[in-house]
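Hi,

Here is the structure I promised to pass on. Have a look at it first, and then read on for what turned up in it.

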Amino acid sequence: MTINWQEEAKKYRDDYLKDLKELISIPSVRDDEHATDEYPLGEGPTNALLKFLSFGKRDGFVTKNLDNIVGYIEYGSGDQTMAMQSHADVMPAGDGWQTDPFTMTEKDGNVYGRGTSDDKGPGLAAYYGLRILKDHGVTPKMKIRLIIGTDEESQWTGMKHYFDVEPEPTFGFSPDAEFPLINGEKGNSTYETTFGHTNGDAYTLKNFNSGLRLNMVPGNATAMVETDDNEGFVDAFTDFLDKNAVSGDIKATPNGIAVHVIGKQAHAMEPKNGVNAGTYMAKFLSQFNFEGAAKNFIRFIADKLHDDSRATKIGAAHVDDVMGDLTMNVGIMTFNEKDGGLVNTNFRYPKGTSDQEILDRLQTVAEKFGGTVKETENMGPHYVDPDDPIVKTLLHVYEAQTGTKDVQPEVVGGGTYARLMKRGVAFGALFPGTEDTMHQANEFQPINDLIKAMAIYGQSIYELTTK
């Protein structure tokens, strides 16, 4: 069967954008505070999953909901399963949006909104690629499943549950990254460093808050400080803003001086793309005579974590010829007089080092500041041989649909659901040259890119499951 994939994809443009608008309107941020038996990860993620499944049911696919935390849309039959793993949850919106993050807005050929790029837009493009096959009566030689998770941006509870109750797919891809193709993902480990709550008199740190998620570079940081030298403190902050790549504001309140630092959000897989407001806040505060655990908390961040995405200051730096640099993101930083301090760091590490080695290095440094470190999560590096048929087939389709030649697979620091499959790779939908706004304010994706991705996914599914 000969299908002009790009021409067919264009026919679905209006339907696709209508469905995407409905998905974007659901604020599907994981919300443990309001979790219930019906909504295990909060109402938003479940509702986004149900919306996705409703599209499949509407279009005549087999659908299955697994406990309101993961589900799939299925087409075809057979002993083998080709999977596409997407997610319906999104990151918190954060500040700095020029449009409502949960109202899809079309402007200058782009769609704006939380999830347009990560991962509602690409996941829906993969779904429409599958729909093209079905609408053309293509009969695959195996089962095809679009599996939809609901907390990819946090703990992967949903997709891990799928692998607990369903067989591992034979092979597949995750439309949750970039083109041309990612065949390797660094290890991903997270650590929690805690401090006491003691403070000083000349300068008292009442509270310190920065970060929304571990896998985001914090774009904002706030602190409340008590001091007898308000004027000197304010002058120092003004001078700090003049000399550093952040903005902010400061004001006196009945509870002390409120300080606000504004940086730039970015995805944790490459912290250099962001400006960490929390570590900059610590750098500012480190010039003052804080005492006790408050001082240790501040100095640990300012001296050992600030502006060091390669973790050289804690001695954990490592580079692999294939997988590249180890990276470190300082994702969450908090301190208050009751609970003390907490710093969460997220590392993306290549082969040649390990989560235990990172833990040892981090603990050695933290102990000098009175901190205690524990590992909270780890996934080892993932790699699929470039000669695997899935890599070769997907790269061939990408070349055919884009007209590019001799493209090569990549290794990244991001973590996708693909790593849960032995023969899993990440495939689109961000094209080379398109600005990456994942996890950032004003997240967007060009409409033409999403329609082109739909064509690429359609042909990819066809090539992988019918030949």
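Let me start with a small detail: glutamate 106 has valine 111 in E5 as its bridge partner. Before I go further, please keep in mind that this is a predicted model.

That pair belongs to the link between E4 and strand E5 (residues 110–112), two strands that run antiparallel and are joined by three bridges. They are part of an open sheet of three strands, ordered E4-E5-E26 and paired antiparallel. Strand E4 (105–107) and strand E26 (444–446) are the edge strands, each pairing on one side only. From one strand to the next, the twist averages 25°. H11 packs on this sheet and touches E4, E5 and E26, with its direction at about 70° to that of E26.

H11 turns up again in two helix pairs, so to speak.

The first partner to look at is H4. Helix H4 (residues 120–135) and helix H11 (residues 447–466) have axes that come within 7 Å and cross at roughly 50°. That crossing angle makes H4 oblique to H11, and H4 passes H11 in a right-handed crossing. On the H4 side, the contact includes Gly121, Pro122, Ala125, Tyr128 and Leu133; on the H11 side, Leu450, Met454, Tyr457, Gly458 and Ile461 are among the residues met. If you sort the residues of the contact of H4 with H11 by type, you get 13 nonpolar, three polar and no charged.

The other partner is H10. Helix H10 (residues 389–402) packs with H11 at an angle of about 140°, and their axes are 9 Å apart. H10 is therefore oblique to H11. H10, too, passes H11 in a right-handed crossing. Ile390, Thr393, Leu394, Val397, Tyr398, Gln401 and Thr402 supply the H10 side, and they meet Lys452, Ala455, Ile456, Gln459, Ser460, Glu463 and Leu464 in H11. The contact of H10 with H11 comes out as seven nonpolar, five polar and two charged residues.

Next, another sheet. This one is open, with eight strands in the order E14-E15-E13-E11-E19-E20-E10-E21 and antiparallel pairing. Strand E14 (247–253) and strand E21 (372–379) stand at the edges with a single partner strand each, so one side of each has no neighbour in the sheet. On average, neighbouring strands here are turned by 20° against each other, direction ignored.

Within that sheet, strand E19 (residues 327–336) and strand E20 (residues 340–349) run antiparallel and are joined by nine bridges. If you want a pair to click on, phenylalanine 335 stands opposite glycine 341 in E20. Helix H6 (residues 230–243) packs on the sheet, where it touches strand E11 (203–210), strand E13 (220–227), E14 and strand E15 (256–262). The direction of H6 makes about 170° with that of E14.

One last residue, in case you like single-site questions: is threonine 81 buried or exposed? Threonine 81 sits in strand E3 (residues 81–87). Its relative accessible area is 11%, and the cut-off for buried is under 20%, so threonine 81 counts as buried. Leaving out residues up to four places away in sequence, threonine 81 touches Lys143, Arg145, Pro169, Thr170 and Phe171.

Cheers

Notes
Residues are numbered from 1 along each chain as its sequence is written. This is a predicted model: local features need pLDDT of at least 70, side-chain atom pairs count only at pLDDT 80 or more; totals for chains, interfaces and linings use all residues. Side-chain values use heavy atoms; hydrogens and water are left out. Axes are lines fitted to C-alpha atoms, for helices over the stretch in contact, and angles run from 0 to 180 degrees between N-to-C directions. Helices (H or I, at least four residues) and strands (E, at least two) are DSSP runs, numbered from the N terminus. Angles under 35 degrees count as roughly parallel, over 145 as roughly antiparallel, 65 to 115 as roughly perpendicular and the rest as oblique. A crossing is left-handed if the near helix is turned anticlockwise from the far one by less than a right angle, and right-handed if clockwise. Contact means heavy atoms within 4.5 Å. Ala, Val, Leu, Ile, Met, Phe, Trp, Tyr, Cys and Pro count as nonpolar, Asp, Glu, Lys and Arg as charged, and the others, Gly among them, as polar. Two strands pair if DSSP finds at least two bridges between them. Buried means under 20% relative accessible area, exposed over 50%, partly exposed in between (1.4 Å probe, protein chains only).
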